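Please work through the following exercises with the sequence and the three-dimensional structure at hand. Each task is followed by a solution in steps.

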Amino acid sequence: MKTVRLDVARRTVLAAQGFADPRPSVAPDRRHLRRVLSRLHVLQLDSVNVAVRAHYAPLFARLGPYDRELVDAAAWTHSARRPRLLVECWAHEASLVPVEDWPLLHSGAKPRGWWRHYGRIADAEPALVDDVLAVVKELGPLGAGAIERALSGPTARTPGSWWDRSDVKKVCEWLFGIGELTTGARRGFERLYDLSERVLPPDVLARTVDARTAARGLVERAARAYGVATEPDLRDYYRLAPEVTRQAVAELVEAGVLERVRVDTWRAPAYRHADATTPRRVEGRALLCPFDPLVWERSRTERLFGFRYRIEIYVPEAERVHGYYVFPFLLDGALVARVDLKADRAAGVLRVPGAFAESGVERGRVAAELAAELGVMAAWLGLDGVSVGERGDLAADLRRAVGD
């Protein structure tokens with residue numbers, strides 16, 4: 001088995017994730033979007049909007065400033081001339097995935113998620129399921145509240161909240177989970193459910209893939225996105241079951257798609273995709289949102305970069321170490337700092353309540369590069385500037401670099 005140094009593995013991963021490519025010198029278009037999607041395969045969705053929605057941020061990290069309508073059009077509008085590129089379903093979590101990957105994710109290879117518990121309601125109230133589908137067919141795309149209001153008689157429900165969902169909302173989520181419904185459009189961030197058959201091309205819906213073949217396809221995509229990864233890393237990318245992933249990995253090794261390797265500082269064995277490349281160096285900078293595929297698996301982030309990263313949204317404010325919504329900062333292939341970010345749209349500024357450097361970095365250069373990237377992000381978000389707060393050992397240097 002070949003032994004790979006950690007720095008080599010890291011550069012291989014960064015190349016697989018698209019960070020060895022220079023940002024476009026022209027305004028990014030649909031071709032650039034396709035290129036990033038061919039690497040990542042998944043854009044995770046999340047409701048937090050304190051800085052920018054999660055599904056927009058990985059593209060900014062790799063492409064720089066781009067028109068967010070590019071994603072909206074690819075995911076939630078379509079025409080004969082410009083069919084959808086993306087569709088919503090459960091992948092890593094609720095995610096946007098390439099339309100052609102839909103059959104893999106609804107093949108039985110992937111276990112059902114938290115919404116599977118709502119199947120009890122569907123079993124107990126089949127008429128409610130039929131009524132929801134009938135309303136969506138007649139009036140969709142619709143939000144769950146509009147579906148509830150459209151229903152009458154014994155299946156009527158009082159609209160529920162996130163924590164106390166009505167049976168109608170739960171049935172909508174169950175139907176979304178099993179692929180009967182997907183997102184036809186979004187209003188703000190509200191999901192408007194539609195029949196999958198009206199959103200997806202007929203050839204995609206008609207394509208059937210057995211679970212074993214689909215598992216190989218998903219694990220191969222995860223391996224291509226990661227470059228070098230352990231079996232648990234590959235399993236986590238699409239949240240597959242351990243036995244499913246192990247079988248797929250074994251078959252991909254046998255087929256020569258994956259190569260067994262040992263990364264010198266990792267305990268677990270690793271696998272390198274046959275098409276992975278390792279550049280001599282990785283240059284450039286990027287702000288990574290908490291749901292970026294490069295860092296969303298925290299133990300992997302620590303193994304690769306020596307960077308301990310935790311999301312603190314649900315931690316009481318007084319107990320947070322770094323802040324509410326913290327972006328790691330990637331510079332020339334290393335994670336060198338992190339910043340707590342908030343887009344203050346009323347004041348027109350990108351606020352940085354806290355800024356923290358990793359040990360051993362050249363703070364002056366890190367602060368200068370970080371200030372420049374924050375300025376780019378602020379302009380991309382339509383904000384007038386950057387305002388740096390007091391928290392963190394990098395805050396003073398960053399304030400000077402920003403000129404705040």
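Domain bounds are taken from an automatic or database domain assignment. The structure is a predicted model, in which local features need pLDDT of at least 70 and side-chain atom pairs count only at pLDDT 80 or more, while totals for chains, interfaces and linings use all residues. Residues are numbered from 1 along each chain as its sequence is written, and side-chain values use heavy atoms, with hydrogens and water left out.

**Exercise 1.** Describe how domain 1 and domain 3 meet.

Step 1. The chain is divided into domain 1 (2-107 + 208-273), domain 2 (114-204) and domain 3 (310-402). Between the C-alpha centres of domain 1 and domain 3 the distance is 26 Å.

Step 2. Domain 1 and domain 3 each bring 15 residues to the contact (heavy atoms within 4.5 Å).

Step 3. About 1,400 Å² is buried between domain 1 and domain 3, with 68% of it given by carbon and sulfur atoms. Buried area is the accessible area (1.4 Å probe) that two parts lose on being put together, summed over both. Of the area that domain 1 buries against domain 3, V50, A51 and F60 supply 42%, more than any other three residues.

Step 4. One salt bridge is counted between domain 1 and domain 3 (a side-chain nitrogen of Lys or Arg within 4 Å of a carboxyl oxygen of Asp or Glu).

**Exercise 2.** Determine how helix α7 and helix α9 pack.

Step 1. Helices are DSSP runs (H or I, at least four residues), numbered from the N terminus. Axes are lines fitted to C-alpha atoms over the stretch in contact, and angles run from 0 to 180 degrees between N-to-C directions.

Step 2. The axes of α7 (residues 126-139) and α9 (residues 167-178) are 10 Å apart, at an angle of about 75°. The two helices α7 and α9 are therefore roughly perpendicular (65 to 115 degrees).

Step 3. From α7, the residues L128, V129, V132 and L133 meet D167, V168, V171, C172, W174 and L175 of α9. This contact of α7 with α9 has nine nonpolar residues, no polar and one charged. Here Ala, Val, Leu, Ile, Met, Phe, Trp, Tyr, Cys and Pro count as nonpolar, Asp, Glu, Lys and Arg as charged, and the others, Gly among them, as polar.

**Exercise 3.** Which parts of the chain does the salt bridge of R35 and D21 link?

Step 1. The side chains of R35 and D21 form a salt bridge at 3.3 Å, N to O.

Step 2. R35 belongs to helix α2 (residues 30-40), whereas D21 is in the loop between α1 (6-16) and α2, 14 residues apart.

Key. Angles under 35 degrees count as roughly parallel, over 145 as roughly antiparallel, 65 to 115 as roughly perpendicular and the rest as oblique.
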